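Could you walk me through this structure in my viewer? I would like to know what to select next and what I will find there.

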Amino acid sequence: MKAKHRFALAVVVLGLLMTGPFVVTSLLVWLDMKEAERDMLTGLLLSRLPVGTMMTLFGFVIGVLVLHKLFKQYVEGLLRMAETLRMMLSANRNFRVTPEGPPEVQQLARAANDLAQQRDELMDDVDAQISRAKASVEEEKNRLAALMSELAQAVVVCNLDGRILLYNNRARLQFKALAQGPTSVSGGALIGLGRSIFSILEKNQVQHAQEVISQRLSSGKTAMSNFITTTRSGQLLRAQMVPVLSASGDETKAMSGYVLTVENITRSMEQEARRDQAMHSMTEGSRSSLGSIRAAVTNLIDYPDMEVELRERFMRVVDDEAARMSQRLDQTMAEFSDSMKTRWPLEDILGIDVIAAAQRRIEDKLKLPIKMEELDDTLWVKADSFSLVFALVFLAAKLQDHYEPRELRFRLSSEGKLAYLDLIWAGAAMSSETFYTWEMETMQVGGENSPLSLRDVIDRHGGEIWYQREKAAHRAFFRFVLPVATPEVAQEQDERSRGANRPEYYDFDLFNFEDKSIDLDRKLSDLTYTVFDTETTGLEPSNGDEIIQVGAARIVNNRLLRQEVFNQLVDPERPLKPESIPIHGITEDMVRGQPNIDVVLPAFHEFCEDTVLIAHNAAFDMRFLQLKEERTGIKFSQPVLDTLLLSAVIHPNQESHKLDVILERLGIQIGSRHNALEDALATAAVFLKLVPLLEEQGIMTVRQALEASEKTYFARIKY
Amino acid sequence: MAHKILIVDDEPNIVISLEFLMKKEGFEIAVATDGEEALAKVASFGPDLMLLDVMMPKKSGFEVCEALRADPANAGLQIVMLTAKGRDTEVAKGLAIGADAYVTKPFSTKELVAKVKSMLGVA
């Protein structure tokens, strides 16, 4: 019953209470009376009836007023409070009941407020604890990621299906270097979260290693397995596998994944082979000549009285073969000198970095000012930088003790395969004996000792050192000759800067990832997507317009991976339309010499493997891809989601679903746009925002999203 | 009758010494400078012993040796492989495919002469 009705009922009851007893009593008395008594009573009453009625009415009105007041204060007041409390429960936690009305209601309000207060404190406490816990987990993860990214080895962590859960920067660079082909990502060495390691390493070998580890685990041995594998591009990789054991406290620990450390040994194997070749050329190549010489010489000795002509022939043999041997020796040394060097592990380091380190130590330890002359700041050397810097500081200290130079200078240059690092000073000439003793004594600077002599350091580098005077300038220098290095992997900075945050190189949630063939009934947030965009010469694919750029990024586990992108210009093999250039900002110069679509499409197809495609106004981009199907034989058969249609599903009454408008509507801030990659990244951001909004509408799976998209008006536009 | 020796080597500088030495020892000598010529000379010259180099044009010493050993008519022919290949795996191969002795260059001429003589039983 509504409060209003109850009020009306109460009023009726009040009326009855006030009149009822009098009327009933009067009726009973009336029935009991004789005729005369009745007439007398009527006469008495009728004359005073107005007063009684007035009094009754007055009492009734007062009663109703009191009732109304009580109703307002207790019933309506409590109802209002209940609403407020509901609001505090759901929408606005910080809302409070205003204490008003009668004291009892106010007390109730205060008690409710106190309860709310207590609840808020508890909730805050829980929130704080959760975020603390989250932060520490996050910190641990970050620490792990940082650790991994600093490692010089390429590390990849996979689950049992071979899906990649973590990789470090080194792995990325190494596998990128493996990729062959003209596009930025191609050649079957695609590394990415959730991708299969088997595109890089031979599946059978990985699985064999897995079996070996399982066997070793069950027999209680150190679980580890090594293998060497050849990539599609012919490179040799040495991989070491160790298991990731499941965290459960069971006695028998099960393997839930594995860590692979991968090293490209192609170079060292080549060096090994060259070394072998050199050895071979030196030994077996010399045997024949030596055999001929030895036989000829023995004959000459054993038969001193042979004919002159014959003797001369034997002498020529000796002369001839000796000359050949010398020649071979020279040739071998020239060819193989690199591979004959000592095997001390030298690192590739920028020459100027060695000099900078030496400068700091010398200025710090010896208070001797350092100046720089010409420095080749692009020169890499092969060096053991610690011992080399120590040697430089040692020489500086020796010079300071003996010649008291006011300053020292460094110079760095190169000639062919040799780098020259010069330590220059002005002062008196020095004897070669002095330098010889310096070279041989074990090095000591201040309190620091090295077990090595200067000569040891030089030998370790397969280098040389000498003392030389520049007479005209009245100064002298020590010249360190070191082998020049060609750094194996150039560091790339551009990709680091793309993601403002730390690189997304890991995702441990993938440990529980099932195999990833696309299942339309999986939750939207669980799938892996490739979000892409194309730039084209124009808007009419069926009229000969062509793709000139493809940009794409991946969404894995509801996270946009800014490191794993596809970004490729395409030569359309036809002139660009001048009016379109301001739109995409791509000029003729930029596309000429780029691979054509026949090359780019297979690479992009590989990049999209096993993912759902997402594009804004996907029908347009898909049309371009479909028109190439026949020519390239590449078919994009996976499901495609369109953010334009999804936006129309969410906001059916909005007029515009242009990407810019949607970005603004969803409050997404994006830097520059209108190149394919930037647009793909923007589209990805839109999609991630749309997922929870779709879920609110009950659209949970890809199938549902596709069905809802089809029903929107925009789905009917055809290209 | 003097024993016949066939010298097979493509290096004239060693051939001259071997020829000189063996002649001094009183053997009858023929020379071949590649594998095919060697097979032809075995047929025409009919040597008792052959000094066979391994690294040669056309046919390697190994191939010549195998070809000769495949024909029972040559069972009596003694083969001394003479080579710059010093690895023990190659020595093993040479002996396995039917060489009677394997001498690695550089060698002592005296020892070679002694070996040849003992193999021909003229010590």
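Here is a short tour, first of a sheet in chain A and then of chain B, in what is a predicted model.

**Stop one: the sheet.** Select strands 15 to 19 of chain A. These 5 strands make up an open sheet, ordered 17-16-15-18-19, with mixed pairing. Now colour the two edges: strand 17 (559-569) and strand 19 (640-642) of chain A, each of which pairs on one side only. Going from one strand to the next, you will see a twist that averages 25 degrees.

**Stop two: one pair of strands.** Keep strand 17 of chain A and add strand 16, residues 547-556 of chain A; the two run antiparallel and share 8 bridges. For a landmark, pick A:Gln549, which has A:Leu569 of strand 17 of chain A opposite it.

**Stop three: the helices on the sheet.** Select residues 643-650 of chain A for helix 18, which packs on the sheet and touches strand 18 (612-615) and strand 19 of chain A. The direction of helix 18 is at about 55 degrees to that of strand 19 of chain A. Next, select residues 676-696 of chain A: this is helix 20, lying across strand 15 (529-536), strand 16, strand 17 and strand 18 of chain A. Against strand 16 of chain A, helix 20 runs at about 35 degrees.

**Stop four: chain B.** Hide chain A and show chain B, where you can find 5 helices and 5 strands. In what order do the elements of chain B run from the N terminus on? Follow the ribbon and you will read β-α-β-α-β-α-β-α-β-α. Chain B has 123 residues, of which 41% count as buried. Finally, draw the contacts in chain B with a separation of 6 or more: 59% of them are between residues 24 or more positions apart.

Methods. Residues numbered from 1 in each chain as written. Chains lettered and ligands numbered in written order. Predicted model: local features only at pLDDT ≥ 70, side-chain atom pairs only at ≥ 80, totals over all residues. Pairing = 2+ DSSP bridges. Helix = DSSP H or I, 4+ residues; strand = E, 2+ residues; numbered from the N terminus. Axes fitted to C-alpha atoms, helices over the stretch in contact; angles between N-to-C directions. Contact = placed C-beta atoms within 7 Å. Buried ≥ 20, exposed ≤ 12 C-beta atoms within 10 Å, placed from the backbone.
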